[in-house]
Amino acid sequence: MNVYDFDGTIYYTDCTIQFAFWCMRRHPGLWFTYFPKVMFNLVRYKKGKIENHLMQRKMFSFLTKVDDFDEQIEKYWNKHEKRISAWYLAQKKPDDLIISASPSCIIEPIAKRLGVKFMATEYDREYGVFLDNLMYAREKAKYITDHGFPMIENFYSDSLADTPLALCAEKAHLVTKKATTVQDWPDISDPKIMEKIQGKVNTGWDIHLKDKTIKVKDRAKMDRM
C-alpha cells in the first residue's frame, strides 16, 4: 500500500485555502464575516500565541457559512482536478490511501474521483468543531497504527511534519517544487533536520480535547470560549 499526503504533495497548493477564496468570490459577505478573523488568528499563530489546531479550526470556519457547499465543492473540483500531479496519476493504484489534514468534506469528492481511499480531518460544518483529532503530523501515524493498516510500502509528503508517518513506511519520499519533484526523505540523524521536525510535529492537540465523549453541541460551546 502507498500512502500520500494531499496538499503540496499530489495537489499543488492548499485546497482548503484555495476553496475558501473560491467561496469568498461567490459569497462576498465572507470577506467581512470570515477573512478578517482568520487573518487575525494566522498572525497570532505565526507569533506563537495559539496552537496549530486552533488556527486550523478558524481556517475551516468558512465551511459553516456556505449554504450551497455541495454545489460549490463539485464545481471547485471540476475546475481544479487538473492540478493533481502528473507523476502521481502515472503511478496511482486502487489501494492508495490519501491522508490529509484538510477537512474530509473537501477531500472526499476528489478521492472518489481518483478512485482511492482517504482519511482527513473530521470537521462538523454545522457547529464548526473538530469531531476527532486534526489529521496532522503524529496523528496520521497514530491513525495508521490504531486501524491496523497493512505495511506502507511508500509514503509521500511535502512536509517534515509527517516524519512520524514516514518512519512507518518501508520507503519515504519528500515532494518539492510545487508538487512536481520526488526525492528521498531527509536524514533524520542530522541535528538540524531533527530540530525542524520537532518544531513541526507538536500540534498542541492534547490541550484541546480531554474527553472524547463530549457531545458535539457541548464541544462547540467549549471551542468558542
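User: Which side chain meets K140 in a salt bridge at 3.0 Å, N to O?
Analyst: In this predicted model, a salt bridge means a side-chain nitrogen of Lys or Arg within 4 Å of a carboxyl oxygen of Asp or Glu. The pair sits at 3.0 Å, N to O, and the partner of K140 is D5.

User: What kind of model is this, and how are residues numbered?
Analyst: Residues count from 1 along each chain as its sequence is written, and side-chain values use heavy atoms, without hydrogens and water. Local features need pLDDT of at least 70, side-chain atom pairs count only at pLDDT 80 or more, and totals for chains, interfaces and linings use all residues, since this is a predicted model.

User: How many residues apart in sequence are the parts that K140 and D5 tie together?
Analyst: Helices (H or I, at least four residues) and strands (E, at least two) are DSSP runs, numbered from the N terminus. The side chains of K140 and D5 meet in a salt bridge. K140 lies in helix 8 (residues 138-146) and D5 in the loop between strand 1 (2-4) and helix 1 (15-26), so the distance in sequence is 135 residues.

User: Is K140 buried or exposed?
Analyst: Buried means under 20% relative accessible area, exposed over 50%, and partly exposed in between (1.4 Å probe, protein chains only). K140 has a relative accessible area of 2%. Its partner D5 has 7% and is buried. K140, too, is buried.

User: Which residues are linked with K140 in a network of salt bridges?
Analyst: K140 also meets D162 in a salt bridge at 3.2 Å, N to O. D162 lies in the loop between strand 6 (152-157) and helix 9 (163-166), 22 residues from K140 in helix 8. Both D162 and K140 are buried. The network links K140 with D5 and D162.

User: Which side chain meets E81 in a salt bridge?
Analyst: The N to O distance is 3.1 Å. E81 lies in the loop between helix 5 and helix 6, and its partner in helix 7 (residues 104-114), so the pair ties together parts that are 32 residues apart in sequence. E81 is partly exposed at 29%. The partner is R113.

User: How many salt bridges are there by this rule?
Analyst: The pair of D5 and K140 is a salt bridge, and so is the pair of E81 and R113. The full count is eight.

User: How many disulfides does the structure hold?
Analyst: A disulfide is a pair of cysteine sulfur atoms within 2.5 Å. The sulfur of C23 is 9.8 Å from the closest cysteine sulfur, in C105, too far for a bond. C23 is buried at 0%, while C168 is partly exposed at 29%. The number of disulfides is zero.

User: How many of the nine residues of helix 4 are buried?
Analyst: Helix 4 spans residues 52-60 and is mostly covered. Among the buried residues are H53, R57 and F60. The number buried is seven.

User: What separation do the C-alpha atoms of A86 and T180 have?
Analyst: A86 is found in helix 6. A86 is exposed, with a relative accessible area of 61%. A86 and T180 are 94 residues apart along the chain, yet their C-alpha atoms are separated by 7.9 Å.
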